[in-house]
Amino acid sequence: MKIARLGLCIFICLSLISFCNLYADDFSKCAMIRGDGGRGSGFFIHKNNQVFVVTCNHIALNLKNMEIYDTEGKKYACSKVLSATDRDIAIIPIDNLARQEIDKLQFFHIAQSFQIDNTSDSLICYGDSEGRGVIVSCQGKILGKGGRYIEVDTPFVQGNSGGPLVDKKTGKVIAVASLLTGLQSNQWVKGTRFDASSNQARRFGMRLDNLDWATLKELTFPMIKDTHTAKTLFRQKDYTNAYIYSRKADFADSEIQYQLGFMLFTGKGCKQNTDEAMRYLKNAQDQENPNALFFLASQGIYKDNHEKVQKLRKAAFNGHTAAQMRLWAIYSKGIPEIQPDQEEANKWLRTAAASGDPTAQSNLGCMYTYGINGFPKDESAAFKWLKLADEKSKEINNPSLRAFVFFELGRAYCNGHVVKEDVFRGGYYLQKAAELDNASAQFMLGIMYYMGKGVAQDHKKAVFWYRKAAAQGNTNAKKALKMLGY
């Protein structure tokens, strides 16, 4: 009996040692990818006598001056990328490795197939979490399986993109960590794991087991550089040069397809050709490019408003803030075939505000200020969103809305209800609002100049701002002028 127990203990110990050895060196099989504009992860594989680093397209194709390092800090040379056209996977051949260098490397193996294991911690994700230059691991399980994706609960974050998702039983890679998406907030998902109130995100990996290597598209770094240049010029609205570089860039890139479609459709930077434009735009739309989806939905291409809203929703779910704001407007008032839905409208306004859109943040601050359209009156929440909007106030195209932001911030600093009282800062914001013809700000600024509160006392300036406010019908300003004998 004692011998049997001893044998069992030895077996367990050997199994644990074997398990630890199986995964102890997995960190050395990983790569860190750096470049201008971000960081990502990858991992080494060996196929057909060639060393490759596997990562995501959105890492390999979007980082300028890309560099690849292992966990010992060694840099690896590369000159091209093999890009998957049907999923977010890039395979990077490593150049100029001597035989002895290859022999020292350790490689992951790709699973040819896999089964879903719903037990806890059946999956390991490795990667450079938050781009800190350190490969770490986290564990979870597979939640779902599709043709190109798997959904997992492994808590990977920014920086993990391109890292391996490893089956714990076999030690083989089944997918590449690729995508985090936000959750929805509506009646259909309430109380489920898809509900935004759970404060979770959905995480997806790109499957490797059914990747067709024969379909990988070879992109040289000059072509990738031209793609970067084309996108930069387009953002700068240098359409003539953007068109030239877009023609030399990667045509499989959905953003390049959108850019060419936009320029050909509008005639910006090139001769207008709507037929050719639509071919590019529809190709980009088929890849769910959010800019193409929004552009086509905004051009009256879709006569059916249900189809239009469907395209806008796809763009919005992919983070397109203008699409999110358009949906807010549509659901707030309704359009033919689409009924108003205040709850849905509020969801998209909150989403756009959380995405950093200053117009959305301003409007959300307004809702909380007055407690309208289904939002509670909440001065603290209003101040939070208006302060965020102020950071990008130049991007708010509506002067009245910008003035509202400045006025409410000025009022908050002057009364000290939700933030420490600071009449000097309050005066600064009220001045900005008054210069944008906000009558309430003009009246308050008149009071400050009259009393010398937060500004140097100046009765002439006080009268000046009272008159400005009174001219816009502000009754308090009219009363103040009358009391002063004007």
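**Salt bridges, one helix and two odd loops**

Okay, let's start with Lys80, which is partly exposed at a relative accessible area of 27%. On this scale, buried means under 20% relative accessible area, exposed means over 50%, and partly exposed is in between, using a 1.4 Å probe and protein chains only. The areas themselves come from Shrake-Rupley with a 1.4 Å probe, and for residues only the protein chains shown count as cover.

Before I go on: this is a predicted model, so local features need pLDDT of at least 70 and side-chain atom pairs count only at pLDDT 80 or more, while totals for chains, interfaces and linings use all residues. Numbering runs from 1 along each chain as its sequence is written, and side-chain values use heavy atoms, with hydrogens and water left out.

So what does Lys80 pair with? It forms a salt bridge with Glu218, with the closest N and O atoms 3.5 Å apart. By salt bridge I mean a side-chain nitrogen of Lys or Arg within 4 Å of a carboxyl oxygen of Asp or Glu. This pair links distant parts of the chain, 138 residues apart: Lys80 sits in strand β6 (residues 80–83) and Glu218 in strand β15 (residues 217–220). Helices (H or I, at least four residues) and strands (E, at least two) are DSSP runs, numbered from the N terminus. Glu218 is also partly exposed, at 45%.

The structure holds 19 salt bridges, so let me pick out a couple more. Arg87 pairs with Asp86, the closest N and O atoms being 3.0 Å apart. Arg87 counts as buried at 9% relative accessibility, whereas Asp86 is partly exposed at 31%.

Then there's Arg313 with Glu344, at 2.7 Å from N to O. Arg313 is in helix α9 (residues 305–317) and Glu344 in helix α11, so the pair ties together parts that are 31 residues apart in sequence. Glu344 is buried, at 9%, and salt bridges with shared partners join Arg313, Glu344 and Lys347 into one network.

Now, helix α13. It covers residues 379–391, 13 of them, and reaches 19 Å from first C-alpha to last, close to the 18 Å expected at 1.5 Å a residue. The expected span is 1.5 Å times one less than the number of residues. Which residues of α13 are buried? They are Ala381, Ala382, Phe383, Trp385, Leu386, Ala389 and Asp390. They pack against α11 (342–354), α12 (358–370), α14 (399–415) and α15 (423–435), where contact means heavy atoms within 4.5 Å.

Last stop, the loops and the surface. Asn373, in the loop between α12 and α13, has a positive phi of about 55° although it is not a glycine. Asn373 is partly exposed, at 37%. Asp437, in the loop between α15 and α16, has a positive phi too, near 70°, and is not a glycine either. At 45% relative accessibility, Asp437 is partly exposed.

And Tyr450, in helix α16 (residues 439–451), joins Met451, Leu484 and Tyr486 in a nonpolar surface patch of about 410 Å². Patches take residues with over 30% relative accessible area and no salt bridge, joining like charges within 9 Å and nonpolar side chains (Val, Leu, Ile, Met, Phe, Trp, Tyr) within 5 Å. Tyr450 itself is partly exposed, at 32%.
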